[in-house]
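Thanks for coming. I will go through the contact between two protein chains and then turn to the DNA. Here is the model.

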There are 2 protein chains.
Amino acid sequence: MRPYSLVLEQLRSAGLRPTRQRLALAKLLFDGDDRHVTAELLHGEALQNGIRVSLATVYNTLHQFTTVGLLSEIVVDSQRSYFDTNISRHHHFYFENSGRLEDICGEDIIVTQMPTLPSGTSLNRVDVVVRVNDAA
Amino acid sequence: MRPYSLVLEQLRSAGLRPTRQRLALAKLLFDGDDRHVTAELLHGEALQNGIRVSLATVYNTLHQFTTVGLLSEIVVDSQRSYFDTNISRHHHFYFENSGRLEDICGEDIIVTQMPTLPSGTSLNRVDVVVRVNDAA
DNA sequence: GTGATTGCAAATCTTTTGCACTAAA
DNA sequence: TTTAGTGCAAAAGATTTGCAATCAC
């Protein structure tokens, strides 16, 4: 996790103006432990904390932060986008029942053999999702 | 890939009536090489082949086939669902640019170390997605 | 000031649903 | 017949977009 104090300069260097909304959302996201959020969730949280921001702006901000490298996007559900404040190489547990995500640190999962990439392509990243069910 | 001829009995044993629509979609899906489809794609293909079927029925059918074990659902894009006629244990290349999927057979990727499952959960499955970009 | 950013509401896209109609058993 | 399955159109949910108002520089 990067300290919240670094966010401001990170925004500047990416050419993103540190607006009230971006700073407030950054505080929610980065001022504490690593977390996984959806746009809807972050928006609700912002409102609860008295931050006036529209859902559209939350979407924009999440994508901008992702582009800039402050967040990474995780695909585990074909219906909803999750964003992760942990941008180091790692993988995820996905609790199918609750929709909750949990990090698996990089060393706890090891992919030894890898296939040759299709010709004319370059590797973007390898995602491992361990799907679990909460035992009844 | 299972031969198309097995589909009928597979439907019966699952208690699904072999209707005109289901059989036609099954033919498109299983009468040939393994494939990856979206609902929209399969629907378009059905129409092109003169099969009258509604998009809603295509969605229903894809999910029913998945429940019955004739298809497996792949999550690689948080905006769209993909279904795979290959139901053996395997993983995928995902071409971010084109949205295309390609199978990686089970032996070509090996996950050696696995984390302990969170207590009170049972493993559903492990998905590995190798995301590649078509080199410019 | 000027251009980036925001909010809102409308639009879009994928998927699901309600319900009358049709077809399989 | 009886019950499952289908089509359609409407609804739902997530996300994006257009545009006028607002804010950072």
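By salt bridge I mean a side-chain nitrogen of Lys or Arg within 4 Å of a carboxyl oxygen of Asp or Glu. On that rule, two salt bridges cross the interface of chain B and chain A. One of them joins the side chains of Arg131(B) and Asp127(A), at 2.8 Å from N to O.

Before I go on, the conventions. This is a predicted model, where local features need pLDDT of at least 70 and side-chain atom pairs count only at pLDDT 80 or more, while totals for chains, interfaces and linings use all residues. Residues are numbered from 1 along each chain as its sequence is written, chains are lettered from A and ligands numbered from 1 in the order in which they are written, and side-chain values use heavy atoms, with hydrogens and water left out.

Now the protein interface. Chain B and chain A each put 41 residues into the contact, meaning heavy atoms within 4.5 Å. The area buried between them is about 3,200 Å², and carbon and sulfur atoms give 56% of it; buried area is the accessible area (1.4 Å probe) that two parts lose on being put together, summed over both. On the chain B side, Val75(B), Ser78(B) and Arg131(B) lose the most area to chain A, together 18% of what that side buries.

Which strand gives the most to the side of chain B that touches chain A? That is β6(B), with 14 residues; strands here are DSSP E runs of at least two residues, helices H or I runs of at least four, both numbered from the N terminus. β6(B) also runs antiparallel to β6 of chain A, residues 121–134, and 13 bridges join the two. For pairing, DSSP must find at least two bridges between the strands. One such bridge has Asp134(A) partnered with Thr121(B).

On to the DNA. There are 21 residues around strand C, and Thr19(A), Gln21(A), Thr57(A), Tyr59(B) and Ser81(B) come nearest; near means a heavy atom within 4 Å. Of the atoms of strand C within 4 Å of the protein, 79% belong to sugar or phosphate and the rest to bases.

Both chains reach bases through Arg17: a side-chain N or O atom of Arg17(A) is 2.9 Å from a base nitrogen of strand C, and a polar side-chain atom of Arg17(B) is 3.3 Å from a base nitrogen. At the backbone, a polar side-chain atom of Tyr59(B) lies 2.4 Å from a phosphate oxygen. By element, α4(B) gives the most to this surface, with four residues.

Note on methods. Polar contact = N/O pair within 3.5 Å; in protein donor to acceptor, adjacent residues only side chain to side chain.
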